[in-house]
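Let's take a walk through this structure together, starting with how its chains are arranged and then moving to finer detail.

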2 protein chains.
Amino acid sequence: MQMNIKKIAEMAGVSVSTVSKIMNNYSDVSEKTKRRVLDIIEQTGYTPSSSAKTLATKKSNLIGVIFAGELNVEFTHPFFVEVLNSFKKQMGVLGYDLIFFSNEKFINSGDYYSRCLHFHVDGCVIISGQQMEPAIQELDRSHIPCIGVDLELTGKKSGYVMSDNYQIASKVVEHFYLLGHRELGFIGSTADSDISNRREAGYVSAIAGFGLVMNPQWFVHGDDFFEPSGYAAMSSLIHSGDLPKAIFAASDLLALGAVRALKEQGLRVPEDVAIIGCDDIEACQYTSPTLTTIRQNKERLGVLAAHMLFDLINNQSEGGSFVVEPALIVRESCGSGLSR
Amino acid sequence: MQMNIKKIAEMAGVSVSTVSKIMNNYSDVSEKTKRRVLDIIEQTGYTPSSSAKTLATKKSNLIGVIFAGELNVEFTHPFFVEVLNSFKKQMGVLGYDLIFFSNEKFINSGDYYSRCLHFHVDGCVIISGQQMEPAIQELDRSHIPCIGVDLELTGKKSGYVMSDNYQIASKVVEHFYLLGHRELGFIGSTADSDISNRREAGYVSAIAGFGLVMNPQWFVHGDDFFEPSGYAAMSSLIHSGDLPKAIFAASDLLALGAVRALKEQGLRVPEDVAIIGCDDIEACQYTSPTLTTIRQNKERLGVLAAHMLFDLINNQSEGGSFVVEPALIVRESCGSGLSR
DNA sequence: CATATGATCGAAACCGATTTCGATTATTGC
DNA sequence: GCAATAATCGAAATCGGTTTCGATCATATG
């Protein structure tokens, strides 16, 4: 039978308020009655209704998860999924559950702020690789605590986490440099991709930092982050007749596409061209050559996002940002350096 | 300013009940007042509180998502994630949002039934590759509509979807057969994995169906579904000195591990041994040889799960199960058959 | 022993919606 | 023009909790 607080109160012979106080650890209730009530709660398997509680307290212990940008793409993207996984875990430890807004055309599709109010979420995390939409800006500027993942939120109750893109690029250039490469190329996505742009900017600056010269001819772009784009970009580079000795791709799939294009033209990786990808997706370990890449600390990004959001919700911080250090994963696509 | 139904009523000069009726498409309100109220709702951006609504109606329009089995593993598993993605999309169209229960030790960790009551979910989807836990059985037998993904739920208000494992195996054996192979082996996971067992059972039955004899020597098992297990299982098979001509692996990673072991011993795929994997993960297209595999229709599984759950919630069905047809994806790891 | 103090508990208002049912007004038929 | 009927609207109870504040009782103090 479905229980509620009134029935528990009756069974225990106390008032509703007393039961409520026991559930919320108030101090003005004797040990004796507390034990009696808790026993009954145990027996009946009573669980308080979240909606009634939320209605009364205006706290839901719910975190909204928003995939901004293209419909549902991010949900199957390994990077975001792993960050989210870690975030979910940490948020669970902190006592929160996650609610996913479906962004269908059904109703109020883009109106994230309304939906946050609707569900009384205590805060939300916004996952996006794209540029800011107006609906996200509305949320960012609201009183609802928000954390962006790879998305720069700057509102009063907002913060964000992302990998240090300058460090990513810097580690790539350093690795190339130590292997003796001086002619560095880049394969990115389209110009409206924040992530690709940040990686390219970091790369350019790292190249200068190592005293190398950048050749714009060696910087090419595909239509997205997927393999065919890498293949196409690399092909155009090959046809230009002017090849760099080493190439950094803004994603592993772009890198894999580049490898395929090179192999097809009889060029060898890493002997003729060295390649470094980015993200460390699962496939990197199973290709030939296996792919040297940059791994972002997805677990740490998730944990940091959770803690920042928690602090924001409990007014223990003013927002801000955290940047996480990436790691270079050395495999075969650049050679060992020792064999030279 | 935060709105509620009372303020809207005052602004429009009507009663609270009238506003509520307008929000819920009752017929006993005139066009004139309806328009007036809707205008005010539009201006103020009012959104009704879900908790108040749930409290009053006992419907939440929320679907609980439960990852049973090992902590969080499934969230990063490409198969489940894609099914879930499709499910989420379809459920969104039907007007539902998703809530993910965090299964941390925090509180009531395994008590899924309580948590469903707590959140007043209208139904839930349970994702699992493992065997049934008691907490899941409790849910299955409850009055709460449940759909299992790759999990046989048999309760009165339950149902499940899964791929047709016999058809999977049957397509594999047929492909091997048409390529001329008569000596078929298998690499699976542990004995407590329902999925691996079902695939093996289907395989055995399909071998018999094609009039072939099964050799238990060629059936080996790893500790899980991952690549190292495939490598280990294949290695032991190689060391036994008695190799089949074709091997079906219960997952793509097991298949990839087997390929690595074969290559290391100087054996060629597919010339010496043909391999078929299962799941069609992303990496299959980037390995060498690219991996022939069985692709499950994840999108359709998600859509079916959503519709079954919807019908269950609205008492339009009595539960049951749906089985989805898999597809053979031919790549290089079995050869073309034409080149023979 | 009278009083002050602290411990324990409950009555009632409130959160923001839904829904029933009766009241009021407008419309129709004759 | 009047009764019957339909259209329109609102008062109030309800859902299941929280929280304030006052009441009651036991204990400590002088």
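To compare two copies of a chain, they are superposed by least squares on the C-alpha atoms of residues with pLDDT of at least 70 in both. Keep in mind that what you have here is a predicted model. Laid on chain B in this way, chain A fits with an RMSD of 0.1 Å after a turn of 180° and a shift of 0.1 Å along the axis. That is the relation of a two-fold axis. Both copies use the same surface, since 100% of the contact residues of chain A recur in chain B.

Now look within one copy. Chain A is split into domain 1 (5-48), domain 2 (62-163 + 299-325) and domain 3 (165-296). The centres of domain 2 and domain 3 of chain A, taken over C-alpha atoms, are 30 Å apart. Where these two touch, domain 2 of chain A gives ten residues and domain 3 of chain A gives eleven residues. The domain 2 side of that contact in chain A has four nonpolar, four polar and two charged residues.

Next, turn to DNA strand D. There are 26 residues around this strand, and A:Ile5, A:Ser17, A:Ser20, B:Ser15 and B:Ser17 come nearest. The elements giving two or more residues to this surface are helix H2 (16-23) and helix H4 (50-57) of chain A, along with helix H2 (16-23) and helix H4 (50-57) of chain B. By class, the surface near DNA strand D has twelve nonpolar, eleven polar and three charged residues.

What about the interior? In soluble globular proteins, nonpolar side chains tend to be buried together. Here the largest nonpolar core has 100 residues, and A:Val125, A:Ala305, B:Val125 and B:Ala305 have the most contacts inside it. Leaving aside residues up to four places away in sequence, B:Val125 touches B:Ile63, B:Val65, B:Phe87, B:Ile147, B:Val149, B:Ala305 and B:Leu309. A second, separate core has 88 residues, including A:Ile187, A:Met234, A:Leu262 and B:Ala169.

Finally, some backbone details. Most residues other than glycine have a negative phi, and most peptide bonds are trans. A:His120, however, has a positive phi near 55°; this residue is in the loop between helix H6 (112-119) and strand E3 (123-127) of chain A. A:His120 counts as buried because it has 22 C-beta neighbours inside 10 Å. B:Asn315 also has a positive phi, near 55°, but B:Asn315 is exposed, with 9 other C-beta atoms within 10 Å. A cis peptide bond joins A:Val269 and A:Pro270, with omega about 10°.

Definitions and conventions
Residues are numbered from 1 along each chain as its sequence is written. Chains are lettered from A and ligands numbered from 1 in the order in which they are written. This is a predicted model: local features need pLDDT of at least 70, side-chain atom pairs count only at pLDDT 80 or more; totals for chains, interfaces and linings use all residues. A residue is near a molecule or strand if its C-beta atom, placed from the backbone, lies within 6 Å of it. Helices (H or I, at least four residues) and strands (E, at least two) are DSSP runs, numbered from the N terminus. Ala, Val, Leu, Ile, Met, Phe, Trp, Tyr, Cys and Pro count as nonpolar, Asp, Glu, Lys and Arg as charged, and the others, Gly among them, as polar. Two residues are in contact if their C-beta atoms, placed from the backbone, lie within 7 Å. A nonpolar core is a set of buried Ala, Val, Leu, Ile, Met, Phe, Trp, Tyr and Cys residues joined through C-beta atoms within 7 Å. A residue is buried if 20 or more other C-beta atoms lie within 10 Å of its own, exposed if 12 or fewer, and partly exposed in between; C-beta atoms are placed from the backbone. Domain bounds come from an automatic or database domain assignment.
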